[in-house]
Amino acid sequence: MGLLGDEVGFARALTAQEHESVMALGGHRTYAADAHLLTEGDRTSHVMIVLRGWVTVSVSTDRGGTRLILGLRGPGELLGEMAALDSHPRSATVRALGPVEVQVISGDAFRRFLALHPRVSGLVIRQLTFRLRSSDQERSALASLTVLQRLAARLNELSRANPTGPYAPALPGTRPTRAVVRLAQDELAATVGATREAVAKALRLLRDQEVVRTGNRMVEILDPALLALLADGHQE
Ligand SMILES: Nc1ncnc2c1ncn2[C@@H]1O[C@@H]2COP(=O)(O)O[C@H]2[C@H]1O
């Protein structure tokens, strides 16, 4: 169940020369926390490469404003390639989790660049197939897993990467820092496609078993081994 970005961030897969050429195509833009970088349904076609910070990618699932988080993307990752390639409205809303800096490239310039650099087109295709593969896995997992298993799998995944929290590696000779996932309960619910109430109940069970400790907008993993067991091996 992949919520985190692509196997290798787009920019990291570029050669030094490709990187230099692509970065010369556009300009920097910065966004404050909570700002929308892209909005679902908009008819724009530029792409962005994340230089700093993390964003959520979400879609609305009904008119009442319920949102489903499809992914968390971070440094080096490409955003907005779908509308740039197929000229359809934006498929999702991209929102800054904290301060974010991106390189913005017009859709035209990006398409011209891909036509001149077939290897980079291959990277974009690979990124899209990777995402389709994860989304197929996600669909089959959602059909068979309980909310508790889905939540355990998600916490496991997020605590390993911990993109939103300061998870400082332990200094030699000190106790290792425990992993902390810094998301609110409704955000966690949106990442597993469940209601906030169902996630609160699952968190209560995990707390009772001392697998996690919860606080304001944070879940601390106390027992990663048991969490992995509860996730029932449904990791990527
Ligand atoms: N499932 C997903 N996982 C991660 N990123 C996505 C996902 N779906 C859409 N996006 C990104 O969100 C962007 C929204 O605008 P685009 O449709 O142009 O391009 C989209 C992708 O870059």
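A residue is taken to be near the ligand if one of its heavy atoms lies within 4 Å of it. With that cut-off in place, this predicted model can be read from the ligand outwards, then through the chain as a whole and its nonpolar cores.

The shell around the ligand holds 14 residues, and those that come nearest are Arg73, Gly80, Glu81, Arg90 and Ser91. By class, this shell is made up of 8 nonpolar, 2 polar and 4 charged residues. Two elements of secondary structure, strand E5 and helix H2 (81-86), each supply at least two residues of the shell. Helix H2 gives the most, with 3 residues.

Several of the nearest residues can be described atom by atom. Arginine 73 places a polar side-chain atom 2.7 Å from a nitrogen atom of the ligand. Glycine 80 takes part through its backbone, where a polar atom is 2.8 Å from an oxygen atom of the ligand. For serine 91, an N or O atom in the side chain is 2.7 Å from a ligand oxygen atom. On its own, the ligand has 460 Å² of accessible area, and the protein covers 91% of this.

The chain that surrounds the ligand has 236 residues, of which 44% are buried. Its secondary structure comprises 8 helices and 11 strands. When contacts between residues at least 6 apart in sequence are considered, 74% of them join residues at least 24 apart. The accessible surface of the chain is about 12400 Å², and carbon and sulfur atoms account for 54% of that surface.

Attention may now turn to the interior. The largest nonpolar core has 26 residues, and the members that touch the most others are Leu151, Leu155, Leu188, Val199, Leu203, Leu206 and Val212. At least two residues of this core come from each of strand E5 (67-73), helix H5 (147-161), helix H6 (185-192), helix H7 (196-208) and strand E11 (218-221). The greatest contribution is that of H5, with 5 residues. Strand E5 thus appears in two settings: it supplies at least two residues to this core and at least two to the shell around the ligand.

Leucine 206 illustrates how the core is joined. Apart from neighbours within four places in sequence, leucine 206 is in contact with Leu148, Leu151, Leu155, Val211, Val212, Leu227 and Leu230. Separate from this core is a second one of 17 residues, which includes Phe10, Val22, Met23 and Ile105.

Notes:
Residues numbered from 1 in each chain as written. Predicted model: local features only at pLDDT ≥ 70, side-chain atom pairs only at ≥ 80, totals over all residues. Heavy atoms only, no water. Core = buried A, V, L, I, M, F, W, Y, C linked by side-chain atoms within 4.5 Å. Buried < 20%, exposed > 50% of the residue type's maximum accessible area, 1.4 Å probe, protein only. Helix = DSSP H or I, 4+ residues; strand = E, 2+ residues; numbered from the N terminus. Contact = heavy atoms within 4.5 Å. Polar contact = N/O pair within 3.5 Å; in protein donor to acceptor, adjacent residues only side chain to side chain. Areas by Shrake-Rupley, 256 points an atom, 1.4 Å probe, with all protein chains shown as cover. Nonpolar A, V, L, I, M, F, W, Y, C, P; charged D, E, K, R; others polar.
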